[in-house]
Amino acid sequence: MAQINLLQAVNSALDTAMDTDDRVICLGEDIGKFGGVFRATSDLQDKYGKARCFNTPITEQGIVGFSIGLAAQGSVPVAEIQFADYIFPAFDQIVNEAAKFRYRSGDQFNCGGLTIRAPYGGGISGGLYHSQSPEAYFCHTPGLKVVIPSTAYQAKGLLLAAIRDPDPVIFFEPKAIYRAEVGEVPETDYVLPLGVAEVTSKGSDITLVGWGAQMHQLHRAAKMAAKDGISCEVIDLRTLLPWDVDTVAQSVEKTGRLIISHEAPRTGGFAGEVSATIQECCFLSLEAPILRITGMDTPFPLVFEKEYMPDYLKVYEAIKTSVNF
Amino acid sequence: MSKFSGTTGTLRFTESTDLSIPTLSILDSEGELRKDAKLPAIDKETALKIYRDMTYIRVLDERMLAAQRQGRLSFYLTCTGEEAAVVGSIAGFTDRDMVMAQYREQAALRYRGFTSEQFMNQLLSNDLDLGKGRQMPVHYGSRALNYMTISSTLATQIPQAAGYAYGQKLSGNDACTVCYFGDGAASEGDFHAGLNMAAVLNCPVVFVVRNNGYAISTPSSEQFAGDGIAPRGIGYGIKTIRVDGNDILAVYAAGVEARKLAIDSSGPVMIETMSYRLGAHSTSDDPTSYRNAEEEQLWAEKDPILRMRKWLLGKSWWSDQQDHQLITNYKKEILDALKAQEKRPSPSLNGLITDVYQTPPQHLRQQYAELQQHIDKYPDHYLANPDKANGTYPSASVQLP
C-alpha cells in the first residue's frame with residue numbers, strides 16, 4: 001500500500017469515482033487544468049476530459065445550483081467550493097434546494113448524486129476568511145449529510161462513500177493537515193460507511209470526541225493524560241449528520257466523562273448537540289459535567305490564531321478538570 | 001480571451017438606449033396578421049390544443065380563486081393574462097424537454113397533460129398529491145411529464161436549469177431544458193449566476209422571462225432601470241428575443257426557434273415575453289392598493305385568449321358555439337374534480353419523515369416513534385383532519401415503508 005497524504009487521497013478518490021462511473025463530474029473554480037488551488041483535482045481533466053472536469057465562473061451559488069440540476073438529471077457531480085468560508089453565497093441552494101429536493105417533490109425528483117467538497121478549518125494563518133469551520137450551519141439542515149475525514153485513509157473511503165451516497169453530502173476537508181497527514185491508502189476502490197464513528201483509541205476513564213484536524217489535538221492530549229495515569233477513549237465522529245449516537249453513548253456509559261472539541265465557535269456549535277444528546281441518554285452514567293473545548297465566540301483571528309485554537313493543552317486541562325471533578 | 005469590439009479615439013460612454021431590442025409581434029390586437037410578419041408554421045390541431053389549454057387554465061384559475069375565497073383551498077395563484085406567454089412557449093418544445101418553472105406556469109403543466117384530478121390533488125394536499133401534501137397549493141411537479149417540482153424560493157431553478165441542460169447534452173439525448181421565471185426573479189443573484197454559467201458552459205437551455213409588470217406590488221420601474229431583462233441576456237452572450245407575450249403566434253414562433261437554436265448550437269437562448277399580470281400576485285395580495293383600474297382595463301383589452309380566438313374565428317378553425325361549449329365543459333369538469341378530490345383523505349403521517357433522505361436514518365425513526373406515542377395519547381387534538389372517505393381518522397401508528 002502506498003503512503004500518501006490526505007490531499008492525494010482526495011485526488012485518488014475522485015480519480016476512482018470518475019474511473020468507475022462515467023456519470024461523475026468534477027466542477028468548481030480553478031479545478032480544471034490547474035487542478036484546484038490545493039491540487040485536489042490534479043490530472044483529472046487530462047484523464048477524463050474537459051466535459052467531465054471543468055472550471056466554472058466564480059459563483060458559488062451558481063456552482064451548487066448547476067450541480068443540483070446535474071444531479072437531478074442523473075449525473076453525479078462533485079462540486080468544489082474553494083474554501084468553506086466562501087460557501088455562504090450557496091447557502092440558499094444548499095439549504096433550501098439540495099436538502100429539500102427529494103422531500104418537496106414526493107420523491108419524484110432528487111439530487112442525491114450531489115457531493116460538495118470544501119477545505120475548512122484553521123491552522124494556516126488564514127485569518128477570518130480562510131479558516132472557518134461552518135459545519136454546524138449545515139448540521140441544522142434536514143436532508144443533508146455532513147462528513148469530515150481526519151486521515152488519508154478516511155478521506156478516500158469516506159469521499160467515495162459520499163459520492164455514491166443517495167443523498168446530498170457536504171464533505172469538509174481539513175486543509176491544515178492536507179499534506180501533514182500521511183498514511184497507508186489502498187490504490188483500490190473502497191468505501192467507509194457514513195453515519196458511523198470510529199473509536200481511534202480505546203480507554204476507560206474519559207471519552208474525547210472530535211472530527212477533522214481536531215483529532216490530532218485530542219490524541220496528543222490523550223498521550224499527555226496517559227502519563228498522568230488517565231486512560232482516554234478517543235472517538236472520531238467522521239459523519240456529523242447523521243451522527244453515531246450509539247458509539248459515543250456506549251463509550252460514555254463506560255467512562256462516565258465526556259469532552260467534545262471543535263474549532264468552530266462554541267455557541268451553536270455541534271458540541272452542544274452532542275452534549276445535549278449524551279446527557280439525555282447517559283445522565284445516570286455521568287461522573288462530571290460534559291465539557292466543550294472549542295474556538296471562541298469571535299471571528300477567526302489572525303495574529304492570535306494559536307491562542308484561539310482549541311489545542312491539545314486546552315484539551316489536556318479539560319481532561320484533568322473532568323477527572324478531578 | 002473574449003473578443004472585444006476594437007478601439008476608438010473617441011471618448012463616449014455607451015448608453016443602454018444604444019441597444020435596441022424590438023418586440024416581435026405577429027398578430028395585432030384584432031387578431032389579424034401584421035403585414036410585415038411571417039406566420040409561423042402551425043397546424044390546426046396544435047393551434048386548437050394551445051387555445052383549449054389557455055382557456056382551461058383561465059377557467060381553472062377563476063374556479064380556484066373562488067374556491068379559495070370559499071375556504072376550500074388555503075392559497076391560490078393565477079396566471080391570468082399570461083396564458084399565451086406560457087402555452088405559446090411550451091408548445092415549441094417536445095415532451096422530452098425538462099420544464100423548470102417558477103410558480104405561475106400551470107398552463108405549461110396543463111399543456112403537458114396534467115389532469116383536473118391531479119391539479120386538485122395538489123391544491124388540496126390529499127393522499128394522491130404527487131408531492132405528498134408537503135408544499136403549499138400551486139407547487140406542482142410531475143416526473144412523468146418532465147415538469148420539475150417547483151419551490152417558493154425565487155430564481156433558484158435558473159442555475160439548476162443550466163446544470164440540467166448540461167447533463168442532457170452529455171447524455172446526448174436530443175433534449176433541452178426550458179426555464180421560466182418572472183422579471184422580479186431576474187433581480188436575484190441566481191439569475192446572474194445561472195445565465196453566466198449557461199453561456200460559459202454552453203448549456204442547451206431556453207430561459208423564458210415573463211415580464212408582467214409587477215413583482216407582488218413592486219412595479220418594473222422600481223425593479224430595474226434598464227430596458228427590461230432582454231439586454232442582460234445579450235450581456236451574458238446569450239441569443240435573445242423579446243416578444244409580445246399576449247400574441248400567441250409571436251410567442252410560439254419564438255419558442256420553436258429557441259428550441260432549435262438551443263439544440264443545434266448547444267447553447268442557451270432567452271425569450272422575454274412582454275405581458276401583464278391581470279390578477280393579483282396571489283390570494284394573499286390586493287392590487288387595488290398599488291395600481292389603478294384604468295391600467296388593468298387597458299391590459300384586459302389586450303387579453304391574449306381573446307386575441308387568439310379572433311384569429312381562430314377568422315380562419316374558421318373555431319366557432320362561438322364551440323367556445324361556449326368548451327368553457328361550460330371545463331367549468332363542470334373542474335368543479336366535479338374539486339368535489340371528488342376534496343373528499344379524499346390526507347396523505348399518510350409517515351410522510352413526515354420519508355424522503356428527507358432516501359432511507360429514514362435512525363434519529364428520524366426515533367423522533368417519529370416519539371411522535372406516534374404522543375399522538376396516541378391525544379389523537380383528537382392532532383389528527384383533526386378526518387379521513388373523509390370513510391369517516392375514520394388516519395392512524396398515528398402508520399408504519400414506515
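The exercises below work through a predicted model of chains A and B, each with a stepwise solution.

Residues are numbered from 1 along each chain as its sequence is written, while chains are lettered from A and ligands numbered from 1 in the order in which they are written. In this predicted model, local features need pLDDT of at least 70 and side-chain atom pairs count only at pLDDT 80 or more, whereas totals for chains, interfaces and linings use all residues.

**Exercise 1. The A–B interface**

Describe the side of chain B that touches chain A, by elements and by residue class.

Step 1. Count the residues. Chain B brings 36 residues into contact with 35 residues of chain A. Contact means C-beta atoms, placed from the backbone, within 7 Å.

Step 2. Assign elements. Helices (H or I, at least four residues) and strands (E, at least two) are DSSP runs, numbered from the N terminus. In chain B, α5 (157-171), α6 (189-200) and α12 (362-377) give two or more residues each. The largest share, ten residues, is that of α5(B).

Step 3. Sort by class. The side of chain B that touches chain A has 14 nonpolar, 17 polar and five charged residues. Nonpolar covers Ala, Val, Leu, Ile, Met, Phe, Trp, Tyr, Cys and Pro; charged covers Asp, Glu, Lys and Arg; the others, Gly among them, are polar.

**Exercise 2. The sheet of chain B**

Give the strand order of the open sheet in chain B, then place β7(B) in it.

Step 1. Write the order. The sheet has six strands, β1-β7-β8-β4-β3-β2, with parallel pairing. Strands pair if DSSP finds at least two bridges between them.

Step 2. Find the edges. β1 and β2 (98-100) of chain B each have a single partner strand, so one side of each lacks a neighbour in the sheet.

Step 3. Take the first neighbour of β7(B). Strand β1 (residues 23-24) of chain B joins β7(B) through two bridges, in parallel. Here Leu24(B) faces Val243(B).

Step 4. Take the other neighbour. Six bridges link β7(B) to strand β8 (residues 269-274) of chain B, again in the parallel sense. Thr240(B) is partnered by Met270(B), and Asp244(B) by Met274(B).

Step 5. Check burial. Five of the six residues of β7(B) (residues 239-244) are buried, so the strand is largely enclosed by the rest of the structure. Buried means 20 or more other C-beta atoms within 10 Å of a residue's own; exposed means 12 or fewer; partly exposed lies in between; C-beta atoms are placed from the backbone.

**Exercise 3. From β7(B) to β8(B)**

Trace the chain from β7(B) to β8(B) and give the handedness of the unit.

Step 1. Name the unit. β7(B), helix α8 (residues 248-265) of chain B and β8(B) form a right-handed β-α-β unit. Right-handed means that, with the strands pointing away from the viewer, the path from the first strand over the helix to the second runs clockwise.

Step 2. Check the helix length. α8(B) has 18 residues and reaches 25 Å from first C-alpha to last, close to the 26 Å expected at 1.5 Å a residue. The expected span is 1.5 Å times one less than the number of residues.

Step 3. List buried positions. In α8(B) they include Ile248(B), Leu249(B), Val251(B), Tyr252(B) and Arg259(B).

Step 4. Look past the helix. Ser266(B) follows α8(B) and has a positive phi, near 50°.

**Exercise 4. A loop residue before β7(B)**

Is Ile238(B) buried or exposed, and which residues does Ile238(B) touch?

Step 1. Locate Ile238(B). The residue lies in the loop between α7 (230-235) and β7 of chain B.

Step 2. Count neighbours. Ile238(B) has 20 C-beta neighbours inside 10 Å and therefore counts as buried.

Step 3. List contacts. Leaving out residues up to four places away in sequence, Ile238(B) touches Leu195(B), Ala199(B), Gly233(B), Pro268(B), Val269(B) and Met270(B).

**Exercise 5. Backbone exceptions in chain A**

Locate the cis peptide bond at Pro242(A) and the positive phi values of Asp30(A) and Arg39(A).

Step 1. Recall the rule. Most residues other than glycine have a negative phi, and most peptide bonds are trans.

Step 2. Place the cis bond. It joins Leu241(A) and Pro242(A), with omega about -5°. Pro242(A) sits in the loop between β12 (239-241) and α9 (245-255) of chain A.

Step 3. Place the positive phi values. Asp30(A) has phi near 65°, and Arg39(A) about 75°. Asp30(A) is in the loop between β2 (24-28) and α2 (44-48) of chain A; Arg39(A) also lies between β2 and α2 of chain A.

Step 4. Check exposure. Asp30(A) has 16 C-beta neighbours inside 10 Å, so it is partly exposed. Arg39(A) has 16 as well and counts as partly exposed.

Notes:
Two residues are in contact if their C-beta atoms, placed from the backbone, lie within 7 Å.
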